[in-house]
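Let us walk through this structure together, one contact at a time. Keep the 3D view open as you read, and turn it whenever a new residue comes up.

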Amino acid sequence: MPTDVREPTDAELEALLAEAAGAQPVPADGAAKVLAAARAGARPPGVARRASTGAPWLRWAAAIVVVVALAAAAVNLVPSSARRSADDSDTSAASGDSNASGVGEKAQPGVASTTVPAGGAPPSEEATGLAGGDAPSEVAPPPAQVPGARPRVVKTGSLEVEVRRGRFDVTVNRLTTLAAGAGGFVADSRSSEVGRSPSGTFTLRVPSARFEQVLTEVRRLGTVKVSSSSGEDVTAQFTDLEARITSLTATRDQLRTLQTEARTIPDILAVQDRLNGVQVELEQLQGQRKLLEDKASFGTLTVLVREPLPAGVDEPRDPPRSGFAKAWHDAVDGFTGGIQRLISGSGSFLVVLLCLVAILLAARAAWRVAGRRFI
Amino acid sequence: MDELERWLQEDYARAYRTACLMMRNPADAEDAVQEAFLRAWRFRASLPDGPAARPWLYRVLVNACHSRLRAEIPRRDRTAPATGVDRRPADGPGPAEAVEADHRASAVRGALDDLPDHLRAVVVLRYWSGLSEAEIATAIRRRPGTVKSRLHEARRRLAAHPALDAALAEEA
């Protein structure tokens, strides 16, 4: 573009645009037509379109959010006892035909919704608090969800214990003794030996009542490197299962009575069919209860026992360097170390920054959508 | 007669020609003005009082023009050059002057057509509709600084446009 181009002045542009606009004849009845349309109640096409079809994805998204929120609120607000009594009334009042299918459909959502994590704290938090062996590991059973029911808590824990050299076998024996002495057993045992350093993972099942005691004893076997424990309150889940089993048992008994009273072959076959369905459902629930009872009765403690690696084995050293190679490796180490320190040091800052960027991008997109009709 | 009707009666011609310059098609311009007025009529309860009403109404008009440009017009030919020569009053300039004026008007329209929508709008609003930079900012919902920079950019492009350059020389 040449540099000597002269920009038109405001007056020149006004004159030119006036001439260009003035060349366009104006419809004589334009204003009257518009006014008549307005008085007749005509709607602008954009308004009508938006009112009928505007932003369908937004409406769908809002509807989905509302439905999910309502469903979550309903599941959380209805107490498990109310659900249980509803199930009871369903199974006892209805005929055998509806029992066989109705209970089966409700079983899984009810169990899933009544599972409550212990104390609301994830296991990782406890692991952080207990690492290093400063504080004793505790699994405090949370308050039971169902009044009058015996609290049932599934306790789990894991420990990594380092023992002195040559003490591996003794420690394993001690673990077995501890488990047996508490009334439990060693459910799984795996050991290996890397070089001259043996290690092994042992899964102990100990009665829940003595879980904390065993945990404390195991911590004394050596130096605790990593420790975590958690408890899950399954009282409500257990109570739900029992209630369903009770009602299904009653239904099964009723069906058996009906079976004895049936006189025709079709009646006998129909009752037999329902009876089989109820029996299968009952056995499934009893299996679930047995499994849950076992998990609640016996806590699971996973212990990793290892001896320290001999000197020179755990940290293989590079051959000594000198000159350019040393300088190069020092530079690489310094660079990677610096990057690591930068990332670790700026962790929270980066998180905040990423959040801000995400918010800004979302706001920008929203602004564009909102202002799309404007220039 | 309320303020909106009065604006329609007094400013219809200017609004219609504003839409013509922005949309380059008289039929589309007529539809856009009608749509804009119906919109304003529907929401006239929120019409500001006093001088603030004018940029508000032009905002509605600009929006109507742009929504039509985006939604419908690109699918068909939107250029329908105006022919004002035959409609000039008898006591106006002579045929030679009329032809020259029409030639300049075509050149100006051609130069405006080559501007992008967002620049053409501010030029038309500023130099034809007579809105101030602040009023344009209200009309297009942008900051006054944005309006100023867009006007500067539009003037620069118009100055470099050969058709407008010839029209300016012709007018001088």
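A good place to begin is inside chain B, where D31(B) and R68(B) form a salt bridge whose closest N and O atoms are 3.4 Å apart. This pair links distant parts of the chain, since D31(B) belongs to helix 2 (residues 26-42) of chain B and R68(B) to helix 3 (residues 53-71) of chain B, 37 residues apart. The two partners sit in unlike surroundings: D31(B) is partly exposed, with a relative accessible area of 36%, whereas R68(B) is buried, at 9%. Please bear in mind that you are looking at a predicted model.

Now move along chain B to another salt bridge, between R120(B) and D117(B), with the closest N and O atoms 2.6 Å apart. Here both residues lie in one element, helix 5 (residues 117-127) of chain B, and they are three residues apart, about one turn of the helix. An α-helix has 3.6 residues a turn, so residues three or four places apart point the same way. R120(B) is buried, with a relative accessible area of 1%, while D117(B) counts as partly exposed at 28%.

The next stop takes us from one chain to the other. R155(B) forms a salt bridge with D10(A), and their closest N and O atoms are 3.8 Å apart. R155(B) lies in helix 7 (residues 144-160) of chain B and D10(A) in helix 1 (residues 10-22) of chain A, so this pair joins two chains. With 17% relative accessibility, R155(B) counts as buried; the cut-off for that label is under 20%. D10(A), by comparison, is partly exposed, with a relative accessible area of 35%.

How many salt bridges does the rule find across the interface of chain B and chain A? There are four, and the interface also has seven residue pairs in polar contact, counting pairs with both residues at pLDDT 80 or more. On the chain B side, the elements that give two or more residues to the part touching chain A are helix 1 (3-23), helix 2, helix 3, helix 4 (95-113), helix 5, helix 7 and helix 8 (162-171) of chain B. Sorted by class, that side of chain B has 29 nonpolar, nine polar and 19 charged residues.

It helps to put the whole interface into numbers. The contact takes 57 residues from chain B and 44 residues from chain A. The size of an interface is often given as the accessible area lost when the parts come together. Between chain B and chain A, the buried area is about 4800 Å², and carbon and sulfur atoms give 65% of it. In chain B, the residues that lose the most area to chain A are L38(B), R39(B) and Y127(B), together 13% of what that side buries.

To see one piece of this from the other chain, turn to helix 2 (residues 30-39) of chain A. Which of its residues are buried? They are G30(A), A31(A), V34(A), L35(A), A37(A) and A38(A). These residues cover an arc of only 160 degrees around the axis, which puts them on the same side of helix 2 of chain A. The buried residues of this helix pack against helix 1 and helix 2 of chain B. Just after helix 2 of chain A, G41(A) takes a positive phi of about 85 degrees.

Stay with chain A for two further details. R219(A) lies in helix 9 (residues 211-219) of chain A and counts as buried, at 11% relative accessibility. Its side chain is joined to that of S227(A) by a polar contact of 3.1 Å. Elsewhere in the chain, E160(A), E162(A), K225(A) and R306(A) are linked in a network of salt bridges.

Finally, step back to the overall view. Chain A has 13 helices and six strands, and 31% of its 375 residues count as buried. Among contacts in chain A between residues at least 6 apart in sequence, 82% join residues at least 24 apart. Over all chains, the structure holds 23 salt bridges, and the bridge between R155(B) and D10(A) is one you can now pick out in the view.

Notes: Residues numbered from 1 in each chain as written. Chains lettered and ligands numbered in written order. Predicted model: local features only at pLDDT ≥ 70, side-chain atom pairs only at ≥ 80, totals over all residues. Heavy atoms only, no water. Salt bridge = Lys/Arg side-chain N within 4 Å of Asp/Glu carboxyl O. Helix = DSSP H or I, 4+ residues; strand = E, 2+ residues; numbered from the N terminus. Buried < 20%, exposed > 50% of the residue type's maximum accessible area, 1.4 Å probe, protein only. Contact = heavy atoms within 4.5 Å. Buried area = accessible area lost by both parts, 1.4 Å probe. Polar contact = N/O pair within 3.5 Å; in protein donor to acceptor, adjacent residues only side chain to side chain. Nonpolar A, V, L, I, M, F, W, Y, C, P; charged D, E, K, R; others polar. Arc of directions from axis to C-beta.
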